[in-house]
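Please keep the sequence and the three-dimensional view side by side while reading, since the paragraphs below move from one region of the chain to another.

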Amino acid sequence: MAILLTGATAATMEDGYGLIPQAALVLQGDRIEWVGPETDLPDDFAGLPARDLGGRLVTPALIDCHTHVVFGGTRAAEFEMRLNGASYEQIARAGGGILSTVAATRAATEEDLVAAALPRLDQMLAEGVATVEVKSGYGLDPEAELKMLRAARRLAELRPVTIVTTFLGAHAIPPEYRGRADAYLDEVAIPTMQDARDEGLIDAVDAFCEGIAFSPAQVERLFTAARALGLPVKLHAEQLSNLGGAALAARFGALSADHLEYLDEEGVIAMVAHGTVAVILPGAFYTLRETRQPPIDLLRRHGVRMAVATDCNPGTAPMTSLMLAMNMACTLFRMTPEEVLLGATAHAAQALGLTDRGRIAPGLRADLAVWQAQHPAELSWRIGPTPLHARIFGGKIDR
């Protein structure tokens with residue numbers, strides 16, 4: 001059934017905001033059929049059932065392109081440790097950090113993980129998000145990694161949302177493989193990746209390239225195996241140091257390189273050459289009280305597309321608000337409101353390899369957000385309650 005939306009200020013995210021004042025949109029099924037000024041509405045659509053949006057702002061539904069929303073337990077105690085002077089690396093080397101979440105996740109059932117993730121997901125949807133990437137990486141053994149991915153897939157059965165799953169088996173080295181990272185890759189990560197692919201559980205492969213995790217050579221072995229399975233890759237890169245991870249990922253045609261606080265110009269140039277999106281994650285920067293900012297000016301100067309995401313996770317970014325991440329990217333990193341809205345829509349879609357969303361254009365998915373706002377800058381300016389008026393998922397208004 002077709003629906004006509006009128007009285008909108010449409011931010012199409014085509015060529016910047018792509019603003020159309022006094023816009024009309026025609027939705028046919030789960031697709032956008034037409035968008036443009038109301039005065040240009042074709043006669044064929046004039047008699048459709050209509051909803052007047054009263055001048056409200058309409059944007060593509062938001063896309064959170066980097067999350068770890070499925071996990072067991074909490075890490076509030078580590079937050080206190082950091083405030084008492086412990087560094088992220090010190091906590092990790094002492095058996096905390098990711099490995100403490102691994103223990104809690106291994107102990108949880110699939111049902112436990114789904115039940116814990118749903119409230120976090122609901123908070124995202126309440127802010128106009130319609131697509132969420134969910135990573136594994138807190139299991140680090142075959143059973144637990146597959147359990148996480150199955151839980152992530154189930155979220156899309158329980159809520160009106162698209163879930164994109166990413167295999168992050170190379171997130172950390174589990175205690176039973178301490179000092180034997182290569183053996184872990186050979187015996188656990190790579191075989192589990194193949195099993196997950198065969199079960200239809202993963203859309204991409206990620207890794208953590210850092211001194212406390214996996215070396216560039218080890219990541220290269222994982223990515224070579226992923227490529228042989230026909231899986232796209234992305235990488236946690238240059239968060240705590242510069243190991244050249246972004247350039248390595250780009251050489252493999254990575255969809256994205258994420259974090260990037262220590263990224264240098266060589267890495268930026270490699271990303272440009274291969275079309276790799278830079279995913280900016282201000283929540284982790286804020287929580288860890290980092291001082292080294294990602295090189296936004298350098299990325300901007302070279303024309304690298306920048307996405308923005310929550311990095312929702314129990315340790316370094318316990319946040320579910322993509323709008324807060326957008327605000328942080330503006331206030332902490334001096335990104336512009338236009339850049340961060342592109343980063344949560346069109347560029348976030350590109351970071352996930354999705355070509356059917358993130359903009360308002362004929363033929364794309366009718367995933368839209370209607371806001372109690374008149375200008376797109378309001379979305380990153382605001383701190384506090386969401387101004388969402390309605391969320392449209394696949395052409396259906398669910399709020």
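Rings of Phe, Tyr and Trp, the last taken by its six-membered ring, count as a pair if their centres lie within 6.5 Å. In this predicted model, ring pairs join Y177, Y184 and F214 into a cluster, and a search of the whole structure finds 5 aromatic pairs. One of these brings together F71 and Y138, whose ring centres are 6.4 Å apart and whose planes stand at 80°, so the pair is edge-to-face. The two residues come from distant parts of the chain, 67 residues apart: F71 belongs to the loop between strand 6 (62-64) and helix 1 (76-83), whereas Y138 belongs to the loop between strand 7 (129-135) and helix 5 (142-158). Both F71 and Y138 are buried.

F71 also has a charged neighbour, for R120 lies over the face of its ring, at 3.7 Å from the ring centre. A second arrangement of this kind involves R365, the charged end of which sits over the ring of F393, 4.8 Å from its centre.

The strands that flank these loops lead into a sheet. Strands 6 and 7 belong to an open sheet of 4 strands, which has the order 6-7-8-9 and parallel pairing. Strand 6 and strand 9 (204-207) are the edge strands, each pairing on one side only, and the twist from one strand to the next averages 25°. Between strand 6 and strand 7 the parallel pairing extends over 3 bridges, and L62 has V129 of strand 7 as a bridge partner.

Helices pack on this sheet as well. Helix 6 (residues 181-198) lies across strand 8 (162-170) and strand 9, and runs at about 165° to strand 8. Helix 7 (residues 216-228) likewise touches strand 8 and strand 9 as it packs on the sheet, its direction making about 175° with that of strand 9.

Further along the chain, strand 10 (residues 234-237) and strand 11 (residues 256-259) run parallel and are joined by 4 bridges, with H259 in strand 11 as the bridge partner of A237. The connection from strand 10 to strand 11 passes through helix 8 (residues 245-251), and this β-α-β crossover is right-handed. Strand 11 is in turn joined by 3 bridges to strand 12 (residues 277-280), again in parallel, and here S256 has V277 of strand 12 as its bridge partner. Together with helix 9 (residues 265-274), strand 11 and strand 12 form a right-handed β-α-β unit.

Key
Residues are numbered from 1 along each chain as its sequence is written. This is a predicted model: local features need pLDDT of at least 70, side-chain atom pairs count only at pLDDT 80 or more; totals for chains, interfaces and linings use all residues. Side-chain values use heavy atoms; hydrogens and water are left out. Rings of Phe, Tyr and Trp (its six-membered ring) pair if their centres lie within 6.5 Å; planes under 30 degrees apart count as stacked, over 60 as edge-to-face and the rest as tilted. Buried means under 20% relative accessible area, exposed over 50%, partly exposed in between (1.4 Å probe, protein chains only). A charge sits over a ring if NZ of Lys or CZ of Arg is within 6 Å of the ring centre and within 35 degrees of the ring normal. Two strands pair if DSSP finds at least two bridges between them. Axes are lines fitted to C-alpha atoms, for helices over the stretch in contact, and angles run from 0 to 180 degrees between N-to-C directions. Contact means heavy atoms within 4.5 Å. A crossover is right-handed if, with the strands pointing away from the viewer, the path from the first strand over the helix to the second runs clockwise.
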